Amino acid sequence: MPDRETLLDGYRLMLLSRKLDDKEIQLKNQSHIFFQISAAGHEAIQVAAAQHMRPGIDWAYPYYRDRAFCLGLGVTPLEMLLQGVGAKDDPASGGRQMPSHWGHTRWNIVSSSSPTGTQCLQAAGCAEATRLFATLPDLPDDERDDPDAVTYVSVGDGTTSEGEFWELLNSACQLRLPLVILVEDNGYAISVPVAAQTPGGDISRLVEGFPSLGIFRVDGTDYVESWQTMREAVAYAREGHGPAFVHASVARLYSHSLSDDERLYRTAEERAAELARDPVKKHAAWLVEHDIASQDELDAIAKTLDREVAEAVDTALVAERARPDTAELYVYSPDVDPTSDAFVTTPETEGKPDTMVAAINRTLHDEMKRNPRIVVFGQDVADASREDALAEVSGKGGVFKVTHGLQRTFGSTRVFNSPLAEANIVGRATGMATRGLKPVVEIQFFDYI
Amino acid sequence: MMQIRDELTMLRYRSNNTFSCPVVIRTPIGGYLRGGAPYHSQSGESIFAHCPGIRVVFPSNAVDAAGLLRTSIRCDDPVLFLEHKHLYRQTYNKGVYPGPEYTIPMGRAAVRRDGTDVTVITWGALVQRSLLAAQQAEKDGISVRVIDLRTIVPCDWDTIGTAVRETNRIVVAHEDQLTAGFGAEVAAHIAEHYFDFLDAPVLRVAALDTPVAYAPDLEEAILPQSSDVLAAIRKAAAY
């Protein structure tokens, strides 16, 4: 059971999230911001999740409904509103992304996008990086990250229909990755109900066959239950049992976004029933009922939050916007210019001429020797996934043998086969590279990109 | 595709330079395999030239492959490193391994053959085919320069500009399909910036706008050959 301070802080964060959503809706209607998507109805499970994370140590790939989660990690209301107005100092994107597309270096919240599901494989790569930082040979000890970090990734029920969600489960379970996968199931993917896209209508039943997957089901509108479940789930992942899969039933109290009107596809009766599951109201009632706080104390919290939000709005509305002359910045790295004279060198000319495939293979060998952060993976790139075979066989090393001998030389931690799945390869590599590793991956044929 | 187009290429931009993911994706590309068929023969570098945030590298020989792969690994951007399958084991593009510190800057084309009448701008498997065509053209008294772009993104517009000013006749030759191939961008760039230097329309040599079919005769008809480059050189010279 969470202590009093945690219970009240949970309430404060949930209510703050709701107030920010409501304020943003108002700002959108006044054309001060240009998009709004809310967490209303998801707050309890999100705050509970955040309260079991170690902000800035653990890693997070939240999706666009995760306002309360991000507040729980430490993102401030002002920072959120700066993104809404398109301010230059928006820490997530400098005015480049819609609001609720989270990102914050201080809290290890990796920048997120709008296509649902892409975050799944990046999170797998991030969790894999945690393991690689602990196990990569030749990496100086002071360059190794916290080996106990977990990676959080969340999706809505709609995203469980995306192929990349299943590719995540495939790799997460095969590698027993330290991941916390949260499915925030509010019953609708915009206007499409779960029953119309998930066979049987219950995602956690469908995933029961995945080995090492710890499955947790919870009423995600119940804060106390959510806190207890998230505690178990995060511990499961952190202790190395494998990925934790939390299926949280939540409510969608508002339309999908302000570009949607749920009255077009949900009956009045259904909407009324949904409002009765409001997690903020439920937690307030619970706190009073269990003598944790009086109604007056809760009202005082609300009043403080109103002031906090109002101040943040005042600041955001006058914040300097992203300047037009910055539009072309950061398409590429501002630090390393690969077109520069720094890359002009003189070739060595001794030796016998050899083929392009030999040149690439040798370059990979030399670069891997030089940089212990390089990992090579892709389908068939290893010499043999079954290492014990290497005593007897020469090894595959790619369908064109471009990577031949890399695994034998540098070991299976750095050179390994991936599933036959192109998004898996690129998504995992993206997650690893975000952590500072250097993946050099192979897609077997351009035709399959 | 979505992981590359929406994620890998955009992470740095969309996060305002707070996150980055400098992955190198190596991938075999291209045809001329005899029997490669629609799904082992594709080109398509122009698709990624249209995705800001990723470098597109396309070496034509062993030494460039070594130098550009090393630059790709040591740079801080995502790179799509395109390895032409047909070029993996040819004799004409072999080279002495240039050493463990050899790098080539991106965006610097190589002039494979100098000439004064016509310039062929090309890359990948068409480099050798263009050189053969240039040798043939020489017999007709046409002096042909052949430029190997080596990297599509960034593109060496300076070397292209110099060639237009000096030879005034341009052929762009690539293995990818004609329509919206990167040759279209090169031709448009030249038309926009060097119109007054042109003595002939910019000609393009490219694959037909079809998939690459399996039967060798079909493949040969679909993919550009040396004879196609030669015909374009002659046409440009005669204009």
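## A left-handed crossing in chain A

In this predicted model, α1(A) goes past α10(A) in a left-handed crossing. The first partner covers residues 4-29 of chain A and the second covers residues 279-289 of chain A. Their axes sit 10 Å apart, and the packing angle is about 150°. Angles over 145 degrees count as roughly antiparallel, so that is how α1(A) and α10(A) run relative to each other.

Which residues do the touching? From α1(A) you get A:L7, A:G10, A:Y11, A:M14, A:L15 and A:R18, and they meet A:P279, A:V280, A:H283, A:A284 and A:L287 in α10(A). Sorted by class, this contact has eight nonpolar residues, two polar ones and one charged one.

## A right-handed crossing in chain B

Over in chain B, helix α6 (residues 157-167) packs against helix α7 (residues 182-194). Here the angle is about 60° and the axes are 11 Å apart, which makes α6(B) oblique to α7(B). This pair crosses in the right-handed sense.

On the α6(B) side, the contact uses B:W157, B:I160, B:G161, B:V164 and B:R165. The α7(B) side brings B:V186, B:H189, B:I190, B:H193 and B:Y194. By class, the contact of α6(B) with α7(B) splits into six nonpolar, three polar and one charged.

## Chain B as a whole

Zooming out, chain B has nine helices and nine strands. Its C-alpha trace spans about 55 × 45 × 35 Å along the principal axes. How does its radius of gyration fit with a compact globule? For 239 residues the expected value is near 18 Å, and chain B has 18 Å, so the two agree.

Buried residues account for 60% of the 239 residues in chain B. Then there's the matter of how the chain contacts itself: take the contacts between residues at least 6 apart in sequence, and 78% of them join residues at least 24 apart.

## Where the two chains meet

How many residues does each chain put into the contact? Chain B gives 67 residues and chain A gives 63 residues. On the chain B side, the elements giving two or more residues are α1 (2-8), α2 (11-14), β1 (24-29), α4 (62-74) and β3 (79-84). The largest share there, eight residues, comes from α4(B).

As for chemistry, the side of chain B that touches chain A is made up of 35 nonpolar, 18 polar and 14 charged residues.

Conventions. Residues are numbered from 1 along each chain as its sequence is written. Chains are lettered from A and ligands numbered from 1 in the order in which they are written. This is a predicted model: local features need pLDDT of at least 70, side-chain atom pairs count only at pLDDT 80 or more; totals for chains, interfaces and linings use all residues. Helices (H or I, at least four residues) and strands (E, at least two) are DSSP runs, numbered from the N terminus. The radius of gyration is taken over C-alpha atoms; the globule rule is 2.2 Å times the number of residues to the power 0.38. A residue is buried if 20 or more other C-beta atoms lie within 10 Å of its own, exposed if 12 or fewer, and partly exposed in between; C-beta atoms are placed from the backbone. Two residues are in contact if their C-beta atoms, placed from the backbone, lie within 7 Å. Axes are lines fitted to C-alpha atoms, for helices over the stretch in contact, and angles run from 0 to 180 degrees between N-to-C directions. Angles under 35 degrees count as roughly parallel, over 145 as roughly antiparallel, 65 to 115 as roughly perpendicular and the rest as oblique. A crossing is left-handed if the near helix is turned anticlockwise from the far one by less than a right angle, and right-handed if clockwise. Ala, Val, Leu, Ile, Met, Phe, Trp, Tyr, Cys and Pro count as nonpolar, Asp, Glu, Lys and Arg as charged, and the others, Gly among them, as polar.
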